[in-house]
Amino acid sequence: MATKIAIQGIKGSFHHQVAQEYFGKEVAVDECLSFEELVSSVLSGKSDQAVMAIENSIAGPIIPNYALIDKNNLHIIGEHYLDIHQNLMALKGQTIQDIEEVHSHPMALLQCMEFLKQYPHIKIVEDKDTAETARRIHEKQLKGIAAIASKVAAEMYDLEILAPEIQTINNNMTRFVIIDKEQSVLVPNEINRASIKFELDHKRGSLAAVLNVMSDCKLNLTKIQSLPKIETPWKYSFFVDVTFEKYEDYAKAKALIDIMAEYFKVLGEYKNAKR
């Protein structure tokens, strides 16, 4: 039986593109309209694994998704980086002057605002998904309405790209993780990246001590983010990503942090895909 992958959004979305690049063009997908639905798809067994956006080079980490992985005891088993290219598209035979409204996800609209400012006659409308907007234009043959989405979405829903690459910042990359109910099956010498979570006693120098351990053990801290513990005022959980050359160095740091922290958890150990 073929592996099924849960994605946020529909076919033609950036999540779908990542699923195709990571698992192959013919990958079967479960289209989910929210990250909560995506997690449920994996937990229920409807999907074997999922692709989840976790960090953007412009907007930063998507902390609620780290919390979803943690709360549901899921595991990060891989990662994939995708260059985000936003394109203005509409039904064929139209020009930008014919467009009255542009619909897309708020993040996509935000990434293209400098381009859109050139066309004050176009009304900006927030929508739930980039590819879903493109599909709706195709299915309902909506003239005068454009979508901002991927080149894949334009091809899939037979739309014409009126303006390619309209994102304000060209170097716009999103990091996606592959999540599963089971831990990674990689052997230690293939693992060179990890995502961990820990909680510390609220006293001076506790975080600095942990960071010193990471440095002493030759770990490269690529991200650290705090998230308040709702049930305990003024207490925080730290979500951290590290890379390393030798698994032994990471294993040593892990053992020390486990002793130092009030709570310690590994969210995933996997292969670094950063180019």
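In the predicted model, Glu 132 is buried, its relative accessible area being 12%. This residue belongs to helix α6, which spans residues 130-140. The side chain of Glu 132 makes a polar contact of 2.7 Å with that of Arg 136. An α-helix has 3.6 residues a turn, so residues three or four places apart point the same way. Beyond its neighbours within four places in sequence, Glu 132 is in contact with Ile 10 and Asp 127.

Burial also occurs in helix α3, formed by residues 63-71. Its buried residues include the nonpolar side chains of Ile 63, Leu 68 and Ile 69, and Asn 65, Tyr 66 and Asp 70 are buried as well. Just after α3, Asn 73 adopts a positive phi of about 55°.

Positive phi values were found at further positions. Most residues other than glycine have a negative phi. Glu 165, which is not a glycine, nevertheless has a positive phi, near 50°. Glu 165 is situated in the loop that connects β10 (160-163) with β11 (173-180). With a relative accessible area of 40%, Glu 165 is partly exposed, because this value falls between the 20% limit for buried residues and the 50% limit for exposed ones. Lys 218 likewise is not a glycine and has a positive phi, of about 65°. The loop holding Lys 218 runs between α8 (206-216) and β13 (220-228). The relative accessibility of Lys 218 is 62%, and the residue therefore counts as exposed, the cut-off being over 50%.

Among the strands, β15 (residues 263-270) is mostly covered, with 6 of its 8 residues buried. Strand β12, comprising residues 193-199, runs antiparallel to β15 and is joined to it by 7 bridges. Within this pairing, Ile 196 has Val 266 of β15 as its bridge partner.

A nonpolar patch lies on the surface and is formed by Leu 256, Ile 259 and Met 260. Together these residues present about 280 Å² of accessible area. Ile 259 is located in helix α9, which covers residues 247-260. Ile 259 counts as exposed because its relative accessibility, 70%, is over the 50% cut-off. In contrast to this exposed residue of α9, Glu 132 of α6 is buried.

Conventions. Residues numbered from 1 in each chain as written. Predicted model: local features only at pLDDT ≥ 70, side-chain atom pairs only at ≥ 80, totals over all residues. Heavy atoms only, no water. Patch = residues over 30% accessible without salt bridge, like charges linked within 9 Å, V, L, I, M, F, W, Y side chains within 5 Å. Areas by Shrake-Rupley, 256 points an atom, 1.4 Å probe, with all protein chains shown as cover. Salt bridge = Lys/Arg side-chain N within 4 Å of Asp/Glu carboxyl O. Helix = DSSP H or I, 4+ residues; strand = E, 2+ residues; numbered from the N terminus. Buried < 20%, exposed > 50% of the residue type's maximum accessible area, 1.4 Å probe, protein only. Polar contact = N/O pair within 3.5 Å; in protein donor to acceptor, adjacent residues only side chain to side chain. Contact = heavy atoms within 4.5 Å. Pairing = 2+ DSSP bridges.
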